[in-house]
Amino acid sequence: MGKLRELRKSNKLTIAQAAEKLKIPFETYRSYEIGRNQADYDTLIKLADFFGVSIDYLLGRQELSPEERAAGATNTKKISLTADEYEMLMVYRELGERFGKQAQKDYTTVGENMLKLK
């Protein structure tokens with residue numbers, strides 16, 4: 001359950017704290033987190049309820065967290081952005097907000113034309 005560690009860390013909990021709050025033995029919880037053992041159905045429900053996610057999310061069947069879905073994100077491939085890439089994305093979005101879709105298309109065209117230069 002690869003998402004378990006991510007959820008625990010995003011809630012600023014240690015393994016011991018999460019295990020204690022869930023009333024699960026430390027080694028049992030740890031074995032779920034590292035993938036050595038799989039939680040049974042009742043424990044999956046307990047984990048999903050505790051972290052406020054679906055069982056599908058816990059099992060990696062959904063790419064997006066509930067917060068991301070609520071914010072309007074769609075199930076697309078997640079990628080990591082560098083600081084420069086993030087800044088370009090923010091410029092692209094602001095262009096759209098201030099000047100419309102055509103400005104965004106022009107921004108993209110400039111980048112594509114730069115790639116054609118030798």
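**Figure 1. The order of elements along the chain is α-α-α-α-α-α-α-α.** In this predicted model, the secondary structure amounts to eight helices and zero strands. Helix therefore has no strand beside it in the pattern, as reading along the sequence gives α-α-α-α-α-α-α-α.

**Figure 2. The whole chain, from its buried share to its exposed surface.** The chain has 118 residues, and 24% of them count as buried. Among contacts with a separation of 6 or more, 33% join residues 24 or more positions apart. Outside, the chain exposes about 8,800 Å², with carbon and sulfur atoms supplying 53% of that area.

**Figure 3. A closer look at helix α4, residues 41–51, and its buried residues.** Here you can pick out Thr43, Leu44, Leu47, Ala48 and Phe51, the buried residues of α4. Seen down the helix axis, these buried residues fall within an arc of 135°, so they line one face of α4.

**Figure 4. The other side of α4 carries exposed residues.** Turn your attention to Tyr41, Asp42 and Asp49, which are exposed on this side of the helix. Asp42 also takes part in the capping contact of the next view, through its backbone nitrogen.

**Figure 5. Where α4 begins and what follows it.** At the N-terminal end, Asp40 acts as the cap of α4. One of its side-chain oxygens lies 3.3 Å from the backbone nitrogen of Asp42. Past the helix comes Gly52, and the phi of Gly52 is positive, near 70°.

Definitions and conventions. Residues are numbered from 1 along each chain as its sequence is written. This is a predicted model: local features need pLDDT of at least 70, side-chain atom pairs count only at pLDDT 80 or more; totals for chains, interfaces and linings use all residues. Side-chain values use heavy atoms; hydrogens and water are left out. Helices (H or I, at least four residues) and strands (E, at least two) are DSSP runs, numbered from the N terminus. Buried means under 20% relative accessible area, exposed over 50%, partly exposed in between (1.4 Å probe, protein chains only). Contact means heavy atoms within 4.5 Å. Accessible areas come from the Shrake-Rupley method with a 1.4 Å probe; for residues, only the protein chains shown count as cover. The arc is that of the directions from the helix axis to the C-beta atoms. A polar contact is a pair of N or O atoms within 3.5 Å; within protein, one must be able to donate a hydrogen and the other to accept it, and residues adjacent in sequence count only if both atoms are side-chain atoms.
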